[in-house]
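Here are some exercises to work through with a structure open beside you. Try each task yourself before reading its solution.

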Amino acid sequence: MKRFDVVALGELLIDFTENGISGQGNPLFEANPGGAPCNVLAMLAKLGHRTAFVGKVGKDFFGEQLRAAITEVGINADNLYMDAEVHTTLALVHTYPGGDRDFSFYRNPGADMMLREDEIDEALLKDTRIFHFGTLSMTDEGVRRATQKAVRIAKENGALISFDPNLRPPLWKSLADAKEQTAYGLSNCDILKISDNEIRWFTGEEDFDAGIRRLNEQYRIPLIMLSMGRDGSRAYYKGMRVEVKPFLQENTIETTGAGDTFGACCLHHVLMCGLEELDEQKLTRMLTFANAAASIVTTRKGALRVMPAKDEVEALAGKEG
C-alpha cells in the first residue's frame with residue numbers, strides 16, 4: 001500500500017480571472033488559485049484520493065494564499081517550498097465569448113521555476129501509485145532537472161507516469177524547445193492526456209486519429225485521452241478507439257481548468273480499474289464521467305476550489321451526452 005494515490009509536480013499560481021467591470025469602467029479580476037497540476041489533484045482529492053504536490057511559490061501574500069488553498073481542498077503541501085527572493089507566478093486569464101480563454105503570464109522569473117533538483121523528496125516519489133506532470137515545469141533548466149529526477153524515481157519505484165503537455169507558447173524560449181520537452185514526457189508516460197490543438201501542433205496532423213497513430217508508432221503509450229472541447233473526447237487503448245459526446249452547458253462562463261478536471265477523472269478511473277484490464281465499457285464510463293465533470297467546471301469561476309462532488313458529476317453523467 002502506497003501512502004499517496006497521486007503525486008503531482010509543477011506550477012502553482014494565481015489565475016486572475018475577469019469578474020465584471022468597475023464603476024469607472026475598468027475590468028475587475030478575481031485572484032483564483034490555479035495551476036494545472038494542483039487542479040488535477042484538487043479533483044482527485046474531491047473524489048477521495050490521497051494526493052500530494054511538489055512545487056514552489058513565493059514567500060509572499062499570494063504564496064500563503066496558495067498554500068492555504070491546496071491544504072483546504074485536501075492536497076498534502078509538505079513539499080510546497082516558498083522562495084524568499086522570487087515572487088509567486090501570476091497569470092491573467094482573458095475570457096472570450098463562449099468560454100475560450102487566453103493567458104498573460106508574469107513569470108520572468110516566477111517562483112514555480114525555482115524548484116531545485118535537491119528539493120525533490122525521494123521518499124515521497126517512492127510512495128505514490130501515479131506521478132503526474134506537465135511541460136511548464138520543464139521550461140527552464142533547473143526545474144527541468146528537478147522534474148526529470150522526480151519522473152525517474154517514481155518510474156523506478158513502480159508508479160504509473162501521467163503526462164499532460166498543457167502547452168503555453170508564451171512561456172517557452174522557442175516552440176522547438178517546447179517540442180523537445182513534450183517528446184520527453186511522451187517517451188516516459190504510461191497515461192497521456194492531450195488536447196486537440198496540442199496533437200495538431202506536435203504531430204502536424206489535422207486528423208486526430210492520424211496524429212494519435214503517429215504518437216503510438218513512436219512512443220507506444222498504453223492509454224491516451226484526447227480532449228476535443230465542444231466535440232467531446234476520445235480514448236485510445238490497445239487498438240481501441242472510444243468516443244463520447246460532451247455535456248454542453250448554456251451557462252458556461254469559462255473553460256479554465258476543464259481539461260485538468262477531465263484528466264483527473266480519467267486518472268480516478270485508472271486508480272479504480274487499473275491500467276491493464278480496461279475495455280470499451282470501462283473507457284466509455286471513464287470518458288462520460290470525465291466529460292460531465294469538465295462541463296460542470298466550465299460554469300464556475302476558477303477551478304481548484306470549485307471542483308464538483310462525485311454525486312454531482314454522476315447526476316449529470318447519467319443524462320444523455
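The exercises below deal with a predicted model, and each task is followed by its solution.

**Exercise 1. A helix and its surroundings**

Task: Decide how far helix H1 (residues 36–46) is enclosed by the rest of the structure.

Solution:
- Start with the cut-off: a residue is buried when its relative accessible area is under 20%.
- Next, list the residues of H1 that are buried: Ala36, Pro37, Cys38, Asn39, Val40, Leu41, Ala42, Met43, Leu44 and Ala45.
- Now weigh that list against the helix: 10 of the 11 residues are buried, so H1 is largely enclosed by the rest of the structure.
- Finally, look just past the helix, where Gly48 follows H1 with a positive phi, near 95°.

**Exercise 2. Enclosed space**

Task: Find the cavities of 30 Å³ or more, and work out which elements line the largest cavity and the second largest cavity.

Solution:
- Rolling a probe the size of a water molecule over the atoms shows where empty space is left.
- The count at this threshold is 2 cavities.
- Take the largest cavity, which holds about 60 Å³ of space. Its lining includes Ala36, Pro37, Val40, His132, Phe133 and Asn166. The elements that give two or more residues to this lining are H1 and strand S8 (128–134).
- Sort the lining of the largest cavity by class, and you get 5 nonpolar, 4 polar and 3 charged residues.
- Turn to the second largest cavity, with about 50 Å³ of space. Among its lining residues are Val40, His132, Asp164 and Asp260. Two or more residues each come from strand S9 (160–164), strand S10 (191–195) and helix H8 (258–273).
- H8 gives the most to this second lining, with 4 residues. By class, the lining of the second largest cavity has 4 nonpolar, 4 polar and 3 charged residues.
- To link the two cavities, compare their linings: Val40, His132, Asp164 and Asp260 appear in both.

**Exercise 3. Two helices side by side**

Task: Describe how helix H4 (residues 141–156) and helix H5 (residues 175–188) are arranged.

Solution:
- Two packed helices are described by the angle between their axes and the distance between the axes.
- For H4 and H5, the axes come within 11 Å and cross at roughly 10°.
- Angles under 35 degrees count as roughly parallel, and H4 and H5 are therefore roughly parallel to each other.
- Now find the residues that meet: H4 brings Arg144, Gln148, Val151 and Lys155, and H5 brings Asp177, Gln181, Tyr184 and Asn188.
- By class, this contact has 2 nonpolar, 3 polar and 3 charged residues.
- The spacing along each helix has a simple background: an α-helix has 3.6 residues a turn, so residues three or four places apart point the same way.

**Exercise 4. An open pocket**

Task: Identify which element gives the most to the lining of the second largest pocket.

Solution:
- The second largest pocket holds about 170 Å³ of space.
- Its lining includes Asp209, Ile212, Arg213, Asn216, Tyr236, Tyr237, Lys238 and Met240.
- Helix H7 (208–219), strand S12 (233–237) and strand S13 (240–244) are the elements that give two or more residues.
- H7 gives the most, with 4 residues.
- The classes in this lining are 6 nonpolar, 2 polar and 4 charged residues.

**Exercise 5. Backbone exceptions**

Task: Say where Asn166 lies and where Lys238 is found, and whether Asn166 and Lys238 count as buried or exposed.

Solution:
- Most residues other than glycine have a negative phi, and most peptide bonds are trans.
- Asn166 is not a glycine, yet its phi is positive, about 45°. Asn166 lies in the loop between S9 and H5, and at 10% relative accessibility it counts as buried.
- Lys238 is not a glycine either, and its phi is positive at about 50°. Lys238 is found in the loop between S12 and S13, and with 60% relative accessibility it counts as exposed.
- Add a peptide bond to the list: the one from Asn108 to Pro109 is cis, with omega near 5°. Pro109 is found in the loop between strand S7 (101–106) and helix H3 (122–125).

**Exercise 6. A residue in a strand**

Task: Is Thr17 buried or exposed, and which residues is Thr17 in contact with?

Solution:
- Locate Thr17 in strand S2 (residues 13–21).
- Its relative accessibility is 0%, so Thr17 counts as buried.
- Leaving aside neighbours within four places in sequence, Thr17 is in contact with Leu28, Phe29, Glu30, Asn32, Val93, Glu254 and Lys301.

Terms used: Residues are numbered from 1 along each chain as its sequence is written. This is a predicted model: local features need pLDDT of at least 70, side-chain atom pairs count only at pLDDT 80 or more; totals for chains, interfaces and linings use all residues. Side-chain values use heavy atoms; hydrogens and water are left out. Buried means under 20% relative accessible area, exposed over 50%, partly exposed in between (1.4 Å probe, protein chains only). On a 1 Å grid over the protein atoms alone, a cavity is a set of points where a 1.4 Å probe fits but cannot get out, and a pocket is an open set with protein on both sides within 12 Å along at least five of seven lines; lining residues have an atom within 4 Å of a point. Grid points are joined across faces, edges and corners, and a volume is the space filled by probe spheres set on the points. Ala, Val, Leu, Ile, Met, Phe, Trp, Tyr, Cys and Pro count as nonpolar, Asp, Glu, Lys and Arg as charged, and the others, Gly among them, as polar. Axes are lines fitted to C-alpha atoms, for helices over the stretch in contact, and angles run from 0 to 180 degrees between N-to-C directions. Angles under 35 degrees count as roughly parallel, over 145 as roughly antiparallel, 65 to 115 as roughly perpendicular and the rest as oblique. Contact means heavy atoms within 4.5 Å.
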